[in-house]
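Q: Hi! Could you walk me through this one while I have it open on my screen?

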Amino acid sequence: MRGRAVLAALAAFTVLAGVGIVLVIKQIGDGFTLPRVSRSCVTEADGQVELSPEQMANAATIAAIGVQRGLPERAVIVALATAFQESQLRNLAGGDRDSVGLFQQRPSQGWGTPEQIQDTRYAATQFYAALEQVRGWEKMRVTDAAQTVQRSAFPEAYEKWSEDSTVLTRALLGQFTGAVACTVSREPALRGDAATEALLRGLKLDWGVSRDAASPATAGLTLTAQDERQGWRYAHWLVSHANDHGVQRVRFDDLEWTAADGRWKSAEGEVTPGSVVAEVSADA
């Protein structure tokens with residue numbers, strides 16, 4: 001009998017504790033929020049999407065790989081929606097069973113080794129290659145095209161990311177001016193020549209381009225764009241990767257973005273038409 005009384009008392013205490021927590025949350029109201037990742041990047045292109053620097057950099061690389069493969073906008077939308085659902089655009093070290101990376105691809109299913117899959121560019125390339133094998137994917141709903149590649153237990157889950165992925169795609173593919181803006185508040189991860197070389201490697205891998213000429217005023221690089229749309233592709237990519245490459249300023253088309261300010265505004269001084277200029281943090 002005593003044991004039953006103890007159990008009853010514990011049960012009552014648990015219920016009361018739960019009620020107390022609920023009441024506290026209600027008293028706090030809208031001020032009660034769970035911790036979340038800092039979202040210091042904003043994309044605006046007939047809609048708005050807020051991301052962390054890590055998410056933004058991954059999205060920019062996914063978009064660039066799609067363009068480099070000669071794929072249409074629709075493919076990038078499908079890829080971004082898939083990465084949103086599978087990893088929240090984060091390069092995860094693990095997941096369900098042996099799933100790894102942005103797209104939660106599985107080594108046991110032939111996607112590659114864990115090390116390969118955690119390479120953002122490799123993972124994106126593998127996803128696009130699989131998508132291209134799907135007959136009629138261009139006319140499918142986003143979720144159907146993604147599901148045909150991923151074979152998820154939740155086939156409708158990708159569709160809820162369609163709108164955000166469309167906004168990101170249009171911005172990253174240069175359809176909008178000054179549409180990607182990030183605020184970088186921490187110390188640069190790279191500086192000087194190391195930052196410039198990292199940018200060059202990234203641009204080569206993502207876009208298949210290299211530096212045309214070094215910026216004469218400061219550490220950094222200059223890219224020549226064939227047209228305005230290509231220029232904004234490069235400019236938005238540079239801003240997206242500012243946090244991990246030490247980019248402090250990007251200039252294009254009479255506009256400039258700075259890491260400290262975190263937004264695009266009219267550029268000061270002369271701007272060379274058709275040139276995208278990136279300045280990086282100088283050596284300490």
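A: Happy to. One definition before we start: helices here are DSSP runs of H or I with at least four residues, numbered from the N terminus. Glutamate 54, for example, lies in helix 2, residues 53-68. Keep in mind that this is a predicted model.

Q: Good. Is glutamate 54 buried, exposed or partly exposed?
A: Glutamate 54 counts as partly exposed, at 41% relative accessibility.

Q: And what is glutamate 54 in contact with, leaving aside its neighbours within four places in sequence?
A: Leu89, Arg90 and Asn91. The C-alpha atoms of glutamate 54 and leucine 89 are separated by 7.9 Å, with their positions 35 residues apart along the chain.

Q: Let me zoom out. How many helices and strands does the protein have?
A: The secondary structure comes to 10 helices and eight strands. The protein has 284 residues, and buried ones make up 45% of them.

Q: What about contacts between residues at least 6 apart in sequence: what share join residues at least 24 apart?
A: That share is 60%.

Q: OK, helix packing. How do helix 3 and helix 5 cross?
A: Helix 3 (residues 73-87) and helix 5 (residues 120-132) have axes that come within 11 Å and cross at roughly 120 degrees. That makes the two helices oblique. The crossing of helix 3 past helix 5 is right-handed.

Q: Which residues meet there?
A: From helix 3 you have Ala75, Val76, Val78, Ala79 and Thr82, and they meet Phe127, Tyr128 and Leu131 of helix 5. Sorted by class, this contact has seven nonpolar residues, one polar and no charged ones.

Q: Tyr128 caught my eye. What else does tyrosine 128 touch?
A: Not counting residues up to four places away in sequence, tyrosine 128 touches Ile62, Ala63, Ile65, Gly66, Arg69 and Leu71, along with Ala75, Val76 and Ala79. Tyr128 also figures in the largest nonpolar core, which has 75 residues: Ile62, Tyr128 and Leu168 touch the most other members. Helix 3 gives this core its largest share, nine residues.

Q: Now helix 8 and helix 9. At what angle do their axes cross?
A: Roughly 130 degrees, with the axes of helix 8 (residues 192-207) and helix 9 (residues 228-240) coming within 12 Å. Helix 8 and helix 9 are therefore oblique to each other, and helix 8 passes helix 9 in a right-handed crossing.

Q: Who makes that contact?
A: On the helix 8 side, Leu199, Gly202, Leu203, Asp206 and Trp207; on the helix 9 side, Arg233, Tyr234, Trp237 and Leu238. The class count for helix 8 with helix 9 is six nonpolar, one polar and two charged residues.

Q: Switching to helix 6. How many of its residues are buried?
A: Seven of nine, so to speak of helix 6 (residues 142-150) as mostly covered is fair. The buried ones are Val142, Thr143, Ala145, Ala146, Gln147, Val149 and Gln150. Helix 3, helix 5 and helix 7 are included in what covers them.

Q: And helix 7?
A: Helix 7 (residues 162-172) is largely enclosed by the rest of the structure, because eight of its 11 residues are buried. Among them are Ser162, Ser165, Val167, Leu168 and Leu172.

Q: Where should I look for positive phi?
A: Just after helix 6, arginine 151 has a positive phi of about 55 degrees. Glycine 174, which follows helix 7, has a positive phi near 80 degrees. Glutamine 88 and arginine 97 are worth a look too: phi is near 55 degrees in glutamine 88 and near 55 degrees in arginine 97.

Q: Why point out the ones that aren't glycine?
A: Because most residues other than glycine have a negative phi.

Q: Where does glutamine 88 sit?
A: In the loop between helix 3 and helix 4 (114-117). Glutamine 88 is partly exposed, at a relative accessible area of 26%. Arginine 97 lies in the loop between helix 3 and helix 4 as well, and counts as exposed at 64% relative accessibility.

Q: Last one: is alanine 242 buried or exposed?
A: Alanine 242, in helix 10 (residues 242-245), is buried, with a relative accessible area of 1%. Beyond its neighbours within four places in sequence, alanine 242 is in contact with Val184, Val247 and Trp257. Alanine 242 and proline 188 are 54 residues apart in sequence, yet 8.6 Å apart C-alpha to C-alpha.

Key: Residues are numbered from 1 along each chain as its sequence is written. This is a predicted model: local features need pLDDT of at least 70, side-chain atom pairs count only at pLDDT 80 or more; totals for chains, interfaces and linings use all residues. Side-chain values use heavy atoms; hydrogens and water are left out. Axes are lines fitted to C-alpha atoms, for helices over the stretch in contact, and angles run from 0 to 180 degrees between N-to-C directions. Angles under 35 degrees count as roughly parallel, over 145 as roughly antiparallel, 65 to 115 as roughly perpendicular and the rest as oblique. A crossing is left-handed if the near helix is turned anticlockwise from the far one by less than a right angle, and right-handed if clockwise. Contact means heavy atoms within 4.5 Å. Ala, Val, Leu, Ile, Met, Phe, Trp, Tyr, Cys and Pro count as nonpolar, Asp, Glu, Lys and Arg as charged, and the others, Gly among them, as polar. A nonpolar core is a set of buried Ala, Val, Leu, Ile, Met, Phe, Trp, Tyr and Cys residues joined through side-chain atoms within 4.5 Å. Buried means under 20% relative accessible area, exposed over 50%, partly exposed in between (1.4 Å probe, protein chains only).
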